[in-house]
Amino acid sequence: MMRFLLKRLGGALVVLALVAVLVFCLTRLASGDPVALLLGDQATVEDIAAARTQYGLDKPLPVQFALWVGELLQGNLGHSLFLQRPVAQALLERAEPTLFLALFAVGIAALVGVPCGMAAAIWRGSAADQAVSSVAMLGASVPSFWLGLILIQLFAVKLGWFPASGYGDPTASLGERLQHLLLPALVLGMLNSAIIIRFTRASMLDILGEDYVRTARAKGLPEGTIMVKHVLRNALVPIVTVLGLTMALMIGGTVVTETVFNLPGVGNLVVRAVLRRDYPVIQGTLLVIAAIYVFINLAIDFLYTLVDPRIRLEAP
Amino acid sequence: MQTSGTRRVQPQSVSPTSARRALLKASMLATALVLGGTSAWAQNGALPKGGAVNLAMVGEPQGLDPMVSTADLVGTIMQHVYEPLYTFDANWNIAPMLAESLPTVSKDGLSYTIALRKGVKFHNGRDLTADDVVASLQRWMELSPRGKAVGKEVASLTAKGALSVELKLKTPYAPLLAQLALPSGMAAIMAKESIAPQLKEFIGTGPYKFKERRPDQFTVLTRFDNYTARKEPASGYAGKREAVLDELRFVPVPSANTRVEGSLSGQFHYADLLPVEAMGRVEKGAPAVVPIVTKNFGFPYIVFNTKEGVLANQPLRRAVQTAVGTGELMAAGFGDNRFFTVEPNFFPKGTPYYSDAGSKLYNERNPQVAKDLAAKAGYNADQPVRIMASRQYEFHYNMALVMAEQLKKAGFKTDLQVVDWATLVQRRNDAKLWDVYFTHSGLLPEPMLSPPQLGDGAPGWWDSADKKASLAAFNQETNPTKRGALWGKVQQVVYDEVPFIEVGKFNSLSARSAKLVGYTPAVWPFFWNTGLKN
């Protein structure tokens, strides 16, 4: 068990090192000059050169990379060029909306997706299955910005039930903040529930065809018990995987929704950093997102061992 | 992902030539078309006290140091915290702010004596003195791009007693007071003890104090209770300022569409710079939402590389000028003709710098003549004209598309390079990479402030004997009436030598909640003398 986890952890570190190299190269390969943007049109060539020196952007790229890695090894993600604060602090400030949004959205996706998927599998081929599958198809193909705009139009502008955007006033309570998150969470939750429905349905159908389900039916177990104890329990492995990955994806993948709803989250931070060419923020944030993704995968692996003991035995 | 709203003037807090600004003399109140009058509130002094407002701005400010950044957004926010010595009134005349009155200028135009108001309080409770002014202006001349330009003209700056400052120039420099008055790249007066290369605290004399900034979330200012107001009635940025609202929250909302929805839903009390296509929706939001159209807000301009590449050849630039139809470009850029004007004068009629010099060379759109001119200039049809434009400002891109077509009609080969704004501002500094680029600027009350190509060393690298001579005459004349006439000569040189083409003028659209009362439309919007109705 320990060996299994240690091996996975070693692999994770290699992935992160590769991500660091890749992220650094990609940000520097993109054209654009953060200093010219920072100083504006009135800046002279000398001003720009002086600022480049101040931020260490005049050094050769390998030196800049080495300096960054050195900082990373000391646990320092760097300092933003634009925000006048360390990258770690900028990230922490934006972690709350993104985490709440992701949790909220995954919650909605699971609550909608699992029961619908189960129903579709149990009554396979029925009108209910057809309806659920069509809705899932539709959900998976609707662009999130469109759904976001429609919800804003309806619930914020027409009905006035929810705020149109943002994350509340500086003094807003947690309740008010969650109210700001409901519409974006609904968008993300609805779209992702489509995937959960399809996965639940497919995975339940697989299990329904198994011998032990036939045996359970043959020995006269009530249908409810069979479904919950035997079928759903065994179907959970892929569903948990998908839920976990959805959660991980949302940490960095809520970009569009965060932009439409102007949420000050991690996705928004990355987008704005890219437009400003704020290298330390792009690098630091992407690395952290990659780390979260890798560790959620690790956590899923660990969860497997709880849901399905065979995985533990198969580990070398 | 929507990185910029269509035709949004200023995305992501990054602006060409500090875009927000300027209406011109006499035109501001007359032409800033405010649909729904609010001035009665200001005149009656019956503004309801208290309240907090959410102000949706186009992005996150680059920082909060109003000297270092020339971005309009930084100036818009920090003009509530810091005040300059001089400012502009409603007719774009220079008016005193922290200075007691307009300066006493020596006959040779070289020495300015500036008396300061007595008993003006800083946010830390101390009184303003001449030492604060000298220290602040010195910092401005060292750090601010605008201040550095002024610093080159200044021979000395000294305190004369507790409440008087003397500024001596090397040669007469007419734009001095306008430079001291502008809110962007502001000559802000700061408490001496708070001055540092990187400001740690923001201690000014303004009606609002800095409270908190959370990047990409908000910048919050609160009322300064001991604010020392001027006695004159309010006019533009000048005169009496009163902090009526308790709290101003500047919220960065880069997505233009989100600003529109937020103002329609009542979440924002003010939404800055909306896409002109949103006019219909904002009008439908009446009576809860009031549109604000600001005439002659800014101008798009096309910069030519006069140093290297195919258009370094001046007769060829003339050929391009002849091929271009600026009317079509403005229509492509701004659509609805309520939002733009096609006219050759760089400054609107009725303002001191209005001139029709060079107007024959404006909006010619004559491909045949252009073709002949190009042939005479020795144009070889294998040489592409490289046009650089960004989609971050949709109107730049739309205009670039049309211009490329107009050039093709005149026999030019074109190479349209669409890049993001961050890339454009980098590449334009390298003369080898481009021939033409699109940008825009706010219309400023002083010609020397924009576009930067009127100065030295700006991208395009325009440098000629006629430029130097006409600008020297213009800058050394301190008499405003004579300066007006001299500007026409500069404008003529621009038309003759084609270092850039001013395409036309555009108007801006913003929106406010009907609850926000007393608000006076301004190019750098301000929220003193503004209250919140229940």
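This is a short chat about a predicted model with chains A and B.

Me: How many residues does each chain put into the contact?
Reply: Chain B gives 43 residues and chain A gives 43 residues.

Me: Which element gives the most on the chain B side?
Reply: That is α13(B), with five residues on the side that touches chain A.

Me: And what classes of residue does that side have?
Reply: The side of chain B that touches chain A has 20 polar, 14 nonpolar and nine charged residues.

Me: Switching to α4 of chain B. How many residues does it have?
Reply: Helix α4 of chain B covers residues 130-143, which is 14 residues. From first C-alpha to last it reaches 20 Å, close to the 20 Å expected at 1.5 Å a residue.

Me: Which residues of α4(B) are buried?
Reply: They are D132(B), V133(B), A135(B), S136(B), L137(B), R139(B), W140(B) and M141(B).

Me: What covers them?
Reply: The cover includes α5, β7 and β8 of chain B.

Me: Now α1(A). How many of its residues are buried?
Reply: Two of its 28 residues are buried, so α1(A) lies largely in the open.

Me: What about α7 and α8 of chain A, how do their axes cross?
Reply: The axes come within 10 Å and cross at roughly 140 degrees. α7(A) and α8(A) are therefore oblique to each other. The crossing is right-handed.

Me: Which residues make that contact?
Reply: From α7(A), they include L147(A), L151(A) and F155(A). From α8(A), they include L183(A), V187(A) and L191(A).

Me: And by class?
Reply: The contact of α7(A) with α8(A) has 11 nonpolar and two polar residues, and no charged residues.

Terms used:
Residues are numbered from 1 along each chain as its sequence is written. Chains are lettered from A and ligands numbered from 1 in the order in which they are written. This is a predicted model: local features need pLDDT of at least 70, side-chain atom pairs count only at pLDDT 80 or more; totals for chains, interfaces and linings use all residues. Two residues are in contact if their C-beta atoms, placed from the backbone, lie within 7 Å. Helices (H or I, at least four residues) and strands (E, at least two) are DSSP runs, numbered from the N terminus. Ala, Val, Leu, Ile, Met, Phe, Trp, Tyr, Cys and Pro count as nonpolar, Asp, Glu, Lys and Arg as charged, and the others, Gly among them, as polar. The expected span of a helix is 1.5 Å times one less than its number of residues. A residue is buried if 20 or more other C-beta atoms lie within 10 Å of its own, exposed if 12 or fewer, and partly exposed in between; C-beta atoms are placed from the backbone. Axes are lines fitted to C-alpha atoms, for helices over the stretch in contact, and angles run from 0 to 180 degrees between N-to-C directions. Angles under 35 degrees count as roughly parallel, over 145 as roughly antiparallel, 65 to 115 as roughly perpendicular and the rest as oblique. A crossing is left-handed if the near helix is turned anticlockwise from the far one by less than a right angle, and right-handed if clockwise.
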